[in-house]
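Trainee: May I ask for a close look at the charged side chains of this structure? I should like to understand how they pair, and how the strands around them are arranged.

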Amino acid sequence: MSINAKVANHSGLGLQDTVLEQVTEVRLNEASDVSLDISPQDIASLSRSGDDLVLMLQNGEVITLDGFYIDPQEQSHLYLEGDEFEGDIFRIDMASTSP
């Protein structure tokens, strides 16, 4: 499965046209909004590893969002938008991955 991502500062995701293609790792330098072109059903599990968010997909692939928890004062947000950013938009609740 080829995973694409968009990354923007908060409230800027809708304006972001740049797509990172075929990612297995996305590096964040600040709290950000991250959108992946997968559906919630594609995710087997979410876990926190230090400042990183690790997504295990149903097909066994692993996507790492490096620095997702880098800013303790401001949370990053994860959105799933389905196939090639054309599907419904889902914001994922990160409470289950808190330390």
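**A charged network and its setting**

Mentor: In this predicted model, the side chains of Asp66 and Arg27 form a salt bridge, with an N to O distance of 3.6 Å. The two partners come from distant parts of the chain: Asp66 belongs to strand 6 (residues 62-66) and Arg27 to strand 2 (residues 25-27), which places them 39 residues apart. Asp66 is classed as buried because its relative accessible area is 11%, and the cut-off for that class is under 20%. Through shared partners, salt bridges connect Glu25, Arg27 and Asp66 in one network.

The other link of this network is a salt bridge between the side chains of Arg27 and Glu25, at 3.7 Å from N to O. Arg27 counts as exposed because its relative accessibility is 65%, and exposed residues are those over 50%. Glu25, with a relative accessible area of 41%, is therefore partly exposed. Across the whole structure, the search returns two salt bridges. As a general principle, side chains of opposite charge can pair when their charged atoms come close.

Which charged residue is buried yet has no salt bridge? That residue is Glu81, whose nearest side chain of opposite charge, Lys6, is 5.4 Å away. The distance lies outside the limit for a salt bridge, which requires the nitrogen to be within 4 Å of the carboxyl oxygen. Glu81 does have a polar partner, however: its side chain and that of Ser35 are joined by a polar contact of 2.5 Å. Along the chain, Glu81 sits in the loop that runs between strand 7 (77-80) and strand 8.

The strands on either side of that loop also take part in a sheet. This open sheet contains four strands in the order 1-3-7-8, and its pairing is mixed. Its edges are strand 1 (5-8) and strand 8 (90-92), each of which pairs on one side only. Neighbouring strands in the sheet are turned against each other by 25° on average, with direction ignored. In general, the strands of a sheet pair through backbone hydrogen bonds, either parallel or antiparallel. Strand 1 and strand 3 (residues 33-36) are antiparallel and share four bridges; within this pair, Ala5 faces Leu36 of strand 3.

A further antiparallel pair is made by strand 4 (residues 43-49) and strand 5 (residues 52-57), over six bridges. Here Ile43 has Leu57 of strand 5 as its bridge partner. Two residues separate the strands of this hairpin, and Gly50 adopts a positive phi near 65°.

Finally, the chain as a whole. The protein chain has eight strands and zero helices. Of its 99 residues, 42% count as buried. Among its contacts with a separation of 6 or more, 50% are between residues 24 or more positions apart. The salt bridge of Asp66 and Arg27, with partners 39 residues apart, also links distant parts of the chain.

Methods: Residues are numbered from 1 along each chain as its sequence is written. This is a predicted model: local features need pLDDT of at least 70, side-chain atom pairs count only at pLDDT 80 or more; totals for chains, interfaces and linings use all residues. Side-chain values use heavy atoms; hydrogens and water are left out. Two strands pair if DSSP finds at least two bridges between them. Axes are lines fitted to C-alpha atoms, for helices over the stretch in contact, and angles run from 0 to 180 degrees between N-to-C directions. Buried means under 20% relative accessible area, exposed over 50%, partly exposed in between (1.4 Å probe, protein chains only). Lys and Arg count as positive and Asp and Glu as negative; His and the chain ends are not counted. A polar contact is a pair of N or O atoms within 3.5 Å; within protein, one must be able to donate a hydrogen and the other to accept it, and residues adjacent in sequence count only if both atoms are side-chain atoms. Contact means heavy atoms within 4.5 Å.
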